[in-house]
Amino acid sequence: MSPLPLSESTSTVRRADELFDQYQHDIHRRTDRLFAVLMILQWIAGIIFALWVSPRAWYGTISRTHIHVWAAIFLGGGICLFPALLGVFRAGAPSTRYTIAVAQMLMGALLIHLTGGRLETHFHVFGSLAFLAFYRDWKVLIPATVVVALDHMLRGWFWPQSVYGVVVASHWRWLEHAAWVIFEDIFLVVSIRRASVETKDTAFRTAALEQEVRIRQLAENEASMTAAQLRVTQAQAEAATRAKSDFLASMSHELRTPLNAIILYSELLQEEVGEKAPAQSIRDLQRITGAGQQLLGLINGILDLSKIEAGKMTLSLEHFDVGGLVHQVVDTVGPLVRQNENTLTVTCADDLGAMYGDPMKTGQVLLNLLGNAAKFTRGGAITLDAAREGRGARATVVFTVADTGIGMTDEQLKKVFEPFAQADVRTSRKYGGTGLGLTIASTFCRLMGGSLAAESRPGAGSRFTVRLPLEVRDGVHETVAIGAA
């Protein structure tokens with residue numbers, strides 16, 4: 001869950017406190033009603049003890065109606081009825097649970113008296129403390145513990161048989177019983193505090209969820225109110241993008257003509273001066289030619305992308321020999337491969353034959369892939385394999401270009417087909433390039449209904465796999481988006 005602003009965080013905390021108080025109040029109300037029923041049941045149990053247990057507890061084997069019956073009826077009723085009524089009519093009030101705590105321990109004292117101080121009846125005290133812990137309010141245990149201690153102390157001094165079942169008992173025996181009660185209180189308090197912390201956490205999560213729902217509803221309301229404006233803004237942005245693409249596409253001739261002239265004149269000057277000019281002058285002319293060709297490649301890439309964005313990139317479909325196209329591409333890219341002292345191995349399957357597609361764009365894809373491999377490989381090996389896969393309408397031509405160059409990391413591989421993507425600044429400076437070659441190749445493949453996939457490891461080279469339909473259908477380019485894998 002994302003962090004909330006200060007004002008929203010304060011509101012959440014305040015709402016969490018409200019929810020916590022509400023949870024506690026609901027717990028108090030339910031527990032009050034539970035004890036209201038328990039009080040009546042204990043009153044009935046006290047009368048039963050007075051009829052059947054008390055005579056045998058106080059007079060051995062003799063069984064007769066005992067005065068304790070009247071104590072159980074009237075004293076027990078006085079102890080139980082008032083808290084039971086509070087539990088029904090004033091459930092949840094603090095005074096109700098404190099009254100119930102005192103009455104519960106007084107009822108325990110009465111039951112101990114009616115059974116003649118039997119040890120097993122003393123467990124009623126410990127069970128009552130556990131029930132009182134249902135309130136999740138440790139302060140309720142204080143009056144209950146005080147009542148137990150005072151009861152055992154006073155009856156232990158003046159009537160020990162009533163509480164301990166013996167005629168004579170130590171005046172300090174009540175301390176042992178009080179210590180056991182306090183021992184249980186410690187565990188109950190720890191349990192109550194832990195339960196309270198969990199309840200607070202639940203309240204805070206609920207409050208945070210409510211806050212998130214409110215924020216989402218406000219956002220949805222604002223979104224619905226501004227939907228019309230957003231549509232207008234989107235339409236304007238799309239119009240601006242189309243205008244930009246139309247402008248760049250229409251400027252193709254104006255940008256390329258002077259740049260081609262610069263490259264041509266620099267090459268003519270190099271041929272004219274020959275070996276007569278100083279070496280520095282020849283290197284300068286070569287730099288002019290290289291810079292012009294690099295800039296021309298960048299402009300060509302941008303113009304191609306712009307044509308695609310503007311919907312002006314079309315396919316020129318015809319039948320052509322795949323093997324012949326591969327050899328033309330190899331002849332063109334050969335000087336670049338040899339420039340970095342690389343070796344190029346070409347393997348064409350015997351059954352390649354002809355395909356129906358766009359030979360210019362297919363050749364451009366292979367040129368871009370081989371040029372990319374030659375650029376990032378020094379003194380290594382580059383391979384180009386061409387084969388057919390499948391039959392009938394699903395038949396494809398598969399071109400695989402692999403190299404032993406610098407390779408790419410997983411992060412670089414994820415964005416390798418994005419426009420202007422380069423591994424990093426150092427790679428760009430060392431190897432050059434515009435970052436558009438692979439983007440153009442990927443886009444052209446999808447224009448023809450095919451795909452381009454890449455796999456690579458740092459220091460272990462890269463492998464690019466092109467799959468094109470043996471028969472390209474016209475119109476498949478209409479749904480292509482730039483930069484998609």
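Which residues in helix 4 meet which residues in helix 5? I will begin there, noting that the structure before you is a predicted model.

On the helix 4 side, the residues are V125, L129 and L132, and they meet L141, A144 and V148 in helix 5. Sorted by class, this contact comprises six nonpolar residues, with no polar and no charged ones.

Let me turn to the geometry of the pair. Helix 4 spans residues 123-132 and helix 5 spans residues 141-158; their axes come within 10 Å and cross at roughly 165°. Because angles over 145 degrees count as roughly antiparallel, helix 4 is described as roughly antiparallel to helix 5. The crossing of helix 4 past helix 5 is right-handed.

I now move to the internal cavities. Searching the whole structure yields two cavities of 30 Å³ or more.

The largest has a volume of about 50 Å³. Its lining consists of H122, V125, F126, V148, H152, H177 and V181. At least two of the lining residues come from each of helix 4, helix 5 and helix 7, the last of these being 173-225. By class, the lining of this largest cavity holds four nonpolar and three polar residues, and no charged ones.

The second largest cavity has a volume of about 30 Å³. It is lined by M105, G108, A109, I112, V125, V147, V148, D151 and H152. Here the elements giving two or more residues are helix 3, residues 94-114, and helix 5. This second lining divides into six nonpolar, two polar and one charged residues.

To close, I return to V125 and V148: both take part in the contact of helix 4 with helix 5, both line the largest cavity, and both line the second largest cavity.

Definitions and conventions:
Residues numbered from 1 in each chain as written. Predicted model: local features only at pLDDT ≥ 70, side-chain atom pairs only at ≥ 80, totals over all residues. Heavy atoms only, no water. Axes fitted to C-alpha atoms, helices over the stretch in contact; angles between N-to-C directions. Helix = DSSP H or I, 4+ residues; strand = E, 2+ residues; numbered from the N terminus. Parallel < 35°, antiparallel > 145°, perpendicular 65-115°, else oblique. Left-handed = near helix turned anticlockwise from the far one by under 90°. Contact = heavy atoms within 4.5 Å. Nonpolar A, V, L, I, M, F, W, Y, C, P; charged D, E, K, R; others polar. 1 Å grid on protein atoms, 1.4 Å probe; cavity = no way out; pocket = protein on both sides within 12 Å on 5 of 7 lines; lining within 4 Å. Points joined across faces, edges and corners; volume = space filled by probe spheres on them.
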